[in-house]
Amino acid sequence: MIGNLNHVAIAVPDLDAATCQYRDRLGARVSQPQALPEHGVTVVFVELGNTKVELLEALGDNSPIASFLEKNPAGGMHHICYEVQDIQSARDRLVSSGARVLGDGKPKIGAHGKPVLFLHPKDFCGTLVELEQI
């Protein structure tokens with residue numbers, strides 16, 4: 001059901017500083033910041049040859065990233081994103097197997113302009129999983 005690894009997301013307390021780390025120290029190509037108010041984050045993507053690293057900064061006090069950073073002030077891995085062909089059928093299959101979809105269970109549009117869902121970390125070895133329809 002899952003396809004390629006789309007990205008690994010890292011929550012950061014300072015997006016500008018994190019962007020500099022990846023761009024200036026590691027020599028990576030980094031996208032421009034993109035605010036996603038519906039998800040409560042501002043993101044940049046570090047472009048790699050075979051995948052991406054998404055750097056996430058809280059956008060407002062109600063951001064899920066803000067609560068993550070309260071527990072992890074230096075930041076850290078937030079989630080991993082896998083590609084799926086059909087997000088609706090993937091969701092239905094996961095739910096029928098007992099997996100929990102976060103939120104209202106309806107896909108939202110993610111940073112790439114494609115439908116995404118998040119799966120409860122307790123159902124996936126302690127890791128928050130994002131599915132993105134390709």
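The legends below accompany close-up views of a predicted model.

**View 1. Strand β9 and its surroundings in the predicted model.**
Strand β9 covers residues 128-133, and because five of its six residues are buried, the strand is largely enclosed by the rest of the structure. Strand β6, made up of residues 76-84, runs parallel to β9 and is joined to it by six bridges; within this pairing, Y82 stands opposite L131 of β9. Strand β8, made up of residues 115-119, runs antiparallel to β9 and is joined to it by four bridges, and here F118 has E130 of β9 as its bridge partner.

**View 2. The largest pocket and the residues that line it.**
The largest pocket holds about 750 Å³ of space. Its lining consists of 35 residues, of which P64, H78, L102, F118 and L128 lie closest to the pocket centre. Two or more lining residues come from each of the elements β4 (41-47), β5 (52-58), α2 (64-71), β6, β8 and β9, and the element that gives the most is α2, with five residues. By residue class, the lining of the largest pocket divides into 16 nonpolar, twelve polar and seven charged residues. F118, one of the residues closest to the pocket centre, is also the bridge partner of E130 in β9, as described for the first view.

**View 3. The side chain of N6 and its contact with E83.**
N6 is found in strand β1, which spans residues 2-11. With a relative accessible area of 4%, N6 falls under the 20% limit and is therefore counted as buried. The side chain of N6 makes a polar contact with the side chain of E83, at 3.0 Å.

**View 4. The cysteines C20 and C125, in a structure with zero disulfides.**
A disulfide is a covalent bond between the sulfur atoms of two cysteines. A search of the whole structure finds zero disulfides. For C125, the closest cysteine sulfur belongs to C81 and lies 17 Å from the sulfur of C125, which is too far for a bond, given that the search requires the two sulfur atoms to be within 2.5 Å. C125 counts as exposed because its relative accessibility is 81%, whereas C20, at 32% relative accessibility, counts as partly exposed.

Methods:
Residues are numbered from 1 along each chain as its sequence is written. This is a predicted model: local features need pLDDT of at least 70, side-chain atom pairs count only at pLDDT 80 or more; totals for chains, interfaces and linings use all residues. Side-chain values use heavy atoms; hydrogens and water are left out. Buried means under 20% relative accessible area, exposed over 50%, partly exposed in between (1.4 Å probe, protein chains only). Two strands pair if DSSP finds at least two bridges between them. On a 1 Å grid over the protein atoms alone, a cavity is a set of points where a 1.4 Å probe fits but cannot get out, and a pocket is an open set with protein on both sides within 12 Å along at least five of seven lines; lining residues have an atom within 4 Å of a point. Grid points are joined across faces, edges and corners, and a volume is the space filled by probe spheres set on the points. Ala, Val, Leu, Ile, Met, Phe, Trp, Tyr, Cys and Pro count as nonpolar, Asp, Glu, Lys and Arg as charged, and the others, Gly among them, as polar. A polar contact is a pair of N or O atoms within 3.5 Å; within protein, one must be able to donate a hydrogen and the other to accept it, and residues adjacent in sequence count only if both atoms are side-chain atoms.
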